Amino acid sequence: MKKDNPFTLTFGRQPSEYISRYENMDMILSTFQADNPISQAYLIEGIRGSGKTVLMTAVANELKKNKEWVVVDLNSTQNLIEDMAMRLIDSCKKIPDILKQGFNVTALGFGVGVNAAQSAQDHISVIEETLASLRKKGKKVLITIDEVQHDENMRRFASQYQIFIRKDYPVYLLMTGLYEHIYAIQNDPALTFLLRTPKISLEPLSLHQIAKQYKKIFAIGDEEAGKLAGITKGYAFAFQALGMLYYEYRDEMNMDDILSKLDDMLDDFVYKKIWEALSQKDREIVAVIDSDGTKVQQICERVSMTSQVFSKYRERLMKRGIISAPAHGYVTLTLPRFEIIAKSYAMF
Ligand SMILES: Nc1ncnc2c1ncn2[C@@H]1O[C@H](COP(=O)(O)OP(=O)(O)O)[C@@H](O)[C@H]1O
Ligand SMILES: [Mg+2]
């Protein structure tokens, strides 16, 4: 790739060619910055490659600009309570008078020779003491968790978080996840507070903004920029991938060849994983849908399903961001060029 190519295929980091999600940012920021926040937690839901991590990072970076906020990024595959205790201490080292003299990780029994229950209790005490000091200083803590899973670790962390809220500590929680994981977490009877947690389901990026960005970078006309934007369907990963390829090859390749490379990238980075996560029936359904829209009745006939049964599948595929319903009685594929790739997967 050319050295100065401004596009990136890297997941999770804020890209230099960034399309703003003003509305979503503003929703989360105004909720968290309110004097009496209606919620101290927020969920970001969306399909792989839709821009969840980037949005979460953008919110965290915005809050970090204000000295009032301490941001703690947790890793969902680590022990969340332990991770929170350690990272909280770490972030507070830079703030004067928060941690007691001689307060350090090893002194508090992190993992050294104590049993699991005792050490969990130690971590919680450390967290509570630190939160209490931060509260006194008028500081707030944002905890971010990327890609939440519905497992015992998350359940333990979420119940503990609920206790922190009850004790009025200034802790805010921002999480991202796939629809199926967030659904499982929100519907866990032990974690009912998450059911009321506001949630953003990521929509496609603005085609208008994408076209404007392409127009500027490639110095092309409105029509060509609009066509390119249309190809991405607003899918964040496709915006980067097509931008990157177009930047690289527009002088030496025709559009069909560029699109064929785009398909390979979509396949490799995201679609293969999305396809693998679908059930056999989901796949059969997806494989008979055209991207310009297919009649529901026709799909039911082709996969031998009653319309009642189909509507359950439709609902779930819609929530997962795979299909959409552009008009009554029709469905279409939401992701760009997914049709071509899905039809080829379905042959194997
Ligand atoms: N708002 C955005 N503007 C431009 N590109 C974006 C935006 N959000 C995400 N991307 C790009 O899309 C890809 C996937 O983003 P990421 O946030 O990692 O997705 P997710 O966490 O939903 O899987 C990355 O290449 C990233 O640079
Ligand atoms: Mg992510």
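Helices are DSSP runs of at least four residues, numbered from the N terminus. By that numbering, α9 gives four residues to the shell around ligand 1, the largest share. The model is a predicted one.

Two elements each give two or more residues to this shell, and α9 spans residues 236-249. The other is α2, which covers residues 52-64. In total, 22 residues lie around ligand 1. Gly-12, Ile-19, Gly-49, Lys-52 and Thr-53 come nearest. The shell is mixed in character: eleven residues are nonpolar, eight are polar and three are charged. Domain 1 and domain 2 each supply at least three residues to the shell.

Polar contacts to ligand 1 involve both side-chain and backbone atoms. At Thr-53, an N or O atom of the side chain lies 2.7 Å from an oxygen atom of the ligand. At Val-54, a polar backbone atom is 2.9 Å from a ligand oxygen. A polar backbone atom of Phe-237 is also placed 3.4 Å from an oxygen atom of ligand 1. The protein buries 98% of the 560 Å² that ligand 1 exposes when taken alone.

The chain is divided into three domains. Domain 1 runs from 22 to 201, domain 2 from 205 to 277 and domain 3 from 280 to 348. The centres of domain 2 and domain 3, taken over C-alpha atoms, are 23 Å apart. Domain 2 gives 16 residues to the contact between these two, and domain 3 gives 16 residues.

Thr-197 was examined separately. This residue sits in the loop that links α6 (179-186) to β5 (199-201). Is Thr-197 buried or exposed? Its relative accessibility is 7%, so Thr-197 counts as buried, the cut-off for buried being under 20%. A polar atom of the Thr-197 side chain lies 3.3 Å from the backbone oxygen of Phe-193. Neighbours within four places in sequence can be set aside. Thr-197 is then in contact with Ala-41, Tyr-42, Leu-43 and Gln-186. Of these contacts, Gln-186 belongs to α6, the helix that precedes the loop of Thr-197.

Conventions: Residues numbered from 1 in each chain as written. Chains lettered and ligands numbered in written order. Predicted model: local features only at pLDDT ≥ 70, side-chain atom pairs only at ≥ 80, totals over all residues. Heavy atoms only, no water. Near = heavy atom within 4 Å. Polar contact = N/O pair within 3.5 Å; in protein donor to acceptor, adjacent residues only side chain to side chain. Areas by Shrake-Rupley, 256 points an atom, 1.4 Å probe, with all protein chains shown as cover. Nonpolar A, V, L, I, M, F, W, Y, C, P; charged D, E, K, R; others polar. Domains from an automatic or database assignment. Buried < 20%, exposed > 50% of the residue type's maximum accessible area, 1.4 Å probe, protein only. Contact = heavy atoms within 4.5 Å.
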